[in-house]
Amino acid sequence: MFAGDLPHAIAHCEDGLAVLPAAAVPGRLRAQLLIILAVAAGLAGDEDRAAACHRELGALTEAGSEYIRSWYSAYSLWALGAAAWRRGDLDRAAGLHQQSLRLRHDDQMGTAFSVEALAWIAASRHQYERAAVLLGAAAGLLRSMGTTLDGFQPLAEHQRDCERQARQTLGETAFEAAYRRGADLPAAVAVAYALQQPTEKPPEKPPARAVSDGAALTSRELQVARLVAAGRSNKQIAAELVVSQRTAENHVEHILTKLGFTSRAQVAAWVAASQPDGEGRSAALAGGGQPSRQ
């Protein structure tokens, strides 16, 4: 699959599934193999096969934790989205990839895959500026992990094709500006933009009122705001600051109220834009910049 030989990848997966019930831990191993099959089938445009994997994965992981169910479901939904995109059903593809992205939680690699796929859909809709921003955002997420898509040939091919279309349509200067804008977005803001309607512009800076209101935050609230921008959940913030989760939740609620915001992504954008010399960007990427909506 990673080399791009999807027919052989699918055949090997099916051979493995045929003998896997005899394995010592069939449930877990079968689920892992179903994910590989689902992704290969999705990239090959075989939505029926990807859907069958999605259904079986749901049954296999039903008794697992919420995290396990979300992780497997996110990848199988990604596979369904890839198949829908391959056959030209762009609305369904976008919905599936956004649904997948909402389940990613602490999976930064999977988050990058979902943002990347939404860039392909944007290009297919001729929304090339959005495609360029999303390409940059996906690349930024991967770069923060020290990797690229080069080792995953099917995705790398679609990435290159998407970039070529956007460059040709926008021109070098406009493409590079949009791509850099995406690459510079904190992870939480990149996710928020990917989940927006295609007509919306990527955030470049928060409202002026919100920036000026930053002085109203206490030093502890500023500390919590930076952790929110870094993608920390309330539970993670509580652990890092050695306070109760309820106390962390109260801090986040106070920050949203004082800044006049309604989402954690807006807080992340405010932190990124209101800190000098890239300090906000560094804060947002601390700890991998993994998005969280808890």
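His 126 sits in the loop between α6 and α7, helices here being DSSP runs of H or I with at least four residues, strands being E runs of at least two, and both numbered from the N terminus. His 126 has a positive phi of about 65° although it is not a glycine. Most residues other than glycine have a negative phi. With a relative accessible area of 58%, His 126 counts as exposed; the cut-offs are under 20% for buried and over 50% for exposed, with partly exposed in between (1.4 Å probe, protein chains only). Val 242, found in the loop between α13 and α14 (245–259), also has a positive phi, near 55°. Val 242 is exposed too, with a relative accessible area of 73%.

A word on the model: it is predicted, so local features need pLDDT of at least 70 and side-chain atom pairs count only at pLDDT 80 or more, while totals for chains, interfaces and linings use all residues. Residues are numbered from 1 along each chain as its sequence is written, and side-chain values use heavy atoms, with hydrogens and water left out.

As for the overall fold, the chain has 16 helices and 0 strands. Of its 294 residues, 48% count as buried. The chain exposes about 13,300 Å², and carbon and sulfur atoms supply 53% of that (Shrake-Rupley method, 1.4 Å probe; for residues, only the protein chains shown count as cover). Take the contacts (heavy atoms within 4.5 Å) between residues at least 6 apart in sequence: 68% of them join residues at least 24 apart.

The largest nonpolar core has 91 residues; such a core is a set of buried Ala, Val, Leu, Ile, Met, Phe, Trp, Tyr and Cys residues joined through side-chain atoms within 4.5 Å. Leu 43, Trp 78, Val 115, Leu 155, Ile 237 and Val 267 have the most contacts inside it. Setting aside residues up to four places away in sequence, Ile 237 touches Val 224, Leu 227, Val 228, Arg 232, Ala 248, Val 252 and Arg 264. Helix α12 has Val 224, Leu 227 and Val 228 among its buried residues, along with Glu 221, Ala 225 and Ala 229. Just after α12, Gly 231 takes a positive phi of about 90°. Arg 264 turns up again in a polar contact of 2.9 Å between its side chain and that of Asn 234. A polar contact is a pair of N or O atoms within 3.5 Å; within protein, one must be able to donate a hydrogen and the other to accept it, and residues adjacent in sequence count only if both atoms are side-chain atoms. Asn 234 belongs to helix α13 (residues 234–241) and is buried, with a relative accessible area of 10%.

Another buried polar residue is Glu 47, at 11% relative accessibility, in helix α3 (residues 47–60). Its side chain makes a polar contact of 2.5 Å with the side chain of Arg 87. Beyond four places in sequence, Glu 47 is in contact with Leu 80, Ala 83, Ala 84, Arg 87 and Arg 92. Ser 70, in helix α4 (residues 66–86), is buried as well, at 9%. On the same sequence cut, Ser 70 contacts Leu 103 and His 105.

Now for the rings. The count comes to 7 aromatic pairs, where rings of Phe, Tyr and Trp (its six-membered ring) pair if their centres lie within 6.5 Å, planes under 30 degrees apart being stacked, over 60 edge-to-face and the rest tilted. Phe 113 and Phe 152 form an edge-to-face pair, 5.9 Å centre to centre with 70° between the planes. Phe 113 lies in helix α6 (residues 108–124) and Phe 152 in the loop between α7 (128–144) and α8 (153–170), so the pair ties together parts that are 39 residues apart in sequence. Phe 113 is buried at 12%, and Phe 152 at 8%. Ring pairs link both of them with Phe 2 into a cluster. Elsewhere, Arg 104 lies over the face of Tyr 75, at 4.3 Å from the ring centre, and Arg 130 over that of Tyr 193, at 4.9 Å. The rule for a charge over a ring is NZ of Lys or CZ of Arg within 6 Å of the ring centre and within 35 degrees of the ring normal.
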